[in-house]
Amino acid sequence: MVFSSPVFLFIFLTSVYILYRIIPTITAKNILLLVFSLIFYTYGEPKAILLMIISIIINYVFGLAMKEKNRYRKIFLVVSITANLLILGIFKYAGFGAEMLDRLPFLSMSIPDIALPIGISFYTFQAMSYVIDAYKNPEYIQKNPYKLALYITFFPQLVAGPIVKYYDFAGQIDYRKTTPEKTAQGIRRFITGLSKKLLIANTMAITTDFIYGLDTESLSAPLAWLGAFSYMMQIFFDFSGYSDMAIGLGKMFGFDFRENFNYPYISESMQEFWRRWHISVSTWFKEYLYIPLGGNRKGKIRTAFNKLFVFFCTGLWHGASLNFIVWGLINGAFLMIESYKIINTEKWLKPFRHTYTLLVTLLAFVFFRADNISTACVYIGKMFSFSGSTPENKSLFMMQFTPMYIIMLILACIFSVPVWQIIRSRIKSEKIISVGEVCSYIVSLVMLMLCILTLSSASYNPFIYFRF
């Protein structure tokens, strides 16, 4: 079930929210959310629900084994992590691994055709977060299985994040408030995310898909740059839009999730970019992999290895493809280069720092979007090709600038920066700020109407991160 669908908006969400407000006790509310979360997942993945339930049971049992008195708790932790990674490996990477082995001259492998359960990367990482947090602090051990199940299956962030760490969620299971103000903020945030997806991301997707679908001969440098830039905007507004919707839905039910994006395209270095981009996954890898590996505490060579290995894993987590691995390694390499001051952006003028970061991000995303590495390399080669465009190329280029695309491109550029925060910081009058808040809700209603109109005519366009 997709957030940006009539079924979710007008049937599922309406039903669960009305029932949630009617039911009096927090225990009953939690059970209601668990039941509807299972329905939500079953609607889209009826066969994969069993795998998720198995994952919950496994991690619940291992969580109970994290008691301080258990001298084998470290062994159980290792077994638990291994079991989670094994499940993820079988269903997400078995085909990719067999394909890599099949390329070796002395091996012949049959490629298994295993369907990828939606959201498996996200809920597996959340399950691992629970067991690791319980190991670090036994106070987090959850004795009630339905509460752990709610954490892992909670529908707002179940299939595409953000990844919510257990220590951020645990205290809210039994103690949270649902106020009219919080509900209004949640609805506004949800509409913001819905608008990002339906109005901006989907418009950018049309141009992106068209340009990346062209054959090499039809691809000119201007078209290649336009396609790359459109995809950079598409993936940001697609994924940050989903995160906004998840955070907004959480607020409607009393939960507070941490921010997942903080205007990454205003970054002035790749290190800053990764502090702002997909914060939940970058902090997950930092806390549960980079720091346990030694972080930056064991010398420069070990630190360089740790960073590259973490970004190798980050790329692999995004998908079972060499493209994602290359994308991860590119990001890791630039972070390492910056940390050793080989590229010292601190000495550059601000416009150059900003341009450098956007250029690296844009080129890296070509590998993220292309079908394979060779296609990505050819595409980048076309971007830097100085051969003249043919009349056909120029015609294809100009065809992309429809009125809708131009409007959404302008809005994408504007809302890639913290416009409202900048304006608000310069306003001293509380009265004006209050008026601005009221206007923001009016704008949200207008945006919601535009989204509903778009839904009535748009074709199905799933979120990019659903495949992860």
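Reader: How many of the 17 residues of H5 are buried?
Author: This is a predicted model, in which local features need pLDDT of at least 70 and side-chain atom pairs count only at pLDDT 80 or more, while totals for chains, interfaces and linings use all residues. Residues are numbered from 1 along each chain as its sequence is written, and side-chain values use heavy atoms, without hydrogens or water. Helix H5 (a DSSP run of H or I, at least four residues, numbered from the N terminus) is largely enclosed by the rest of the structure. This follows because the number of its 17 residues that are buried (under 20% relative accessible area, 1.4 Å probe, protein chains only) is 15.

Reader: How far apart are the end C-alpha atoms of helix H5?
Author: Helix H5 covers residues 120–136 and has 17 residues. The expected span is 1.5 Å times one less than the number of residues, so it should be 24 Å here. The separation of the end C-alpha atoms agrees, at 24 Å.

Reader: What is the relative accessible area of Asn260?
Author: Asn260 lies in the loop between helix H9 (221–252) and helix H10 (270–276). Asn260 is nevertheless buried, because its relative accessible area is 0%.

Reader: Which side chain makes a polar contact of 2.8 Å with the side chain of Asn260?
Author: A polar contact is a pair of N or O atoms within 3.5 Å, one able to donate a hydrogen and the other to accept it. The side chain of Asn260 has such a contact of 3.0 Å with that of Ser243. At 2.8 Å, the partner is Ser280.

Conventions. Helices (H or I, at least four residues) and strands (E, at least two) are DSSP runs, numbered from the N terminus. Buried means under 20% relative accessible area, exposed over 50%, partly exposed in between (1.4 Å probe, protein chains only).
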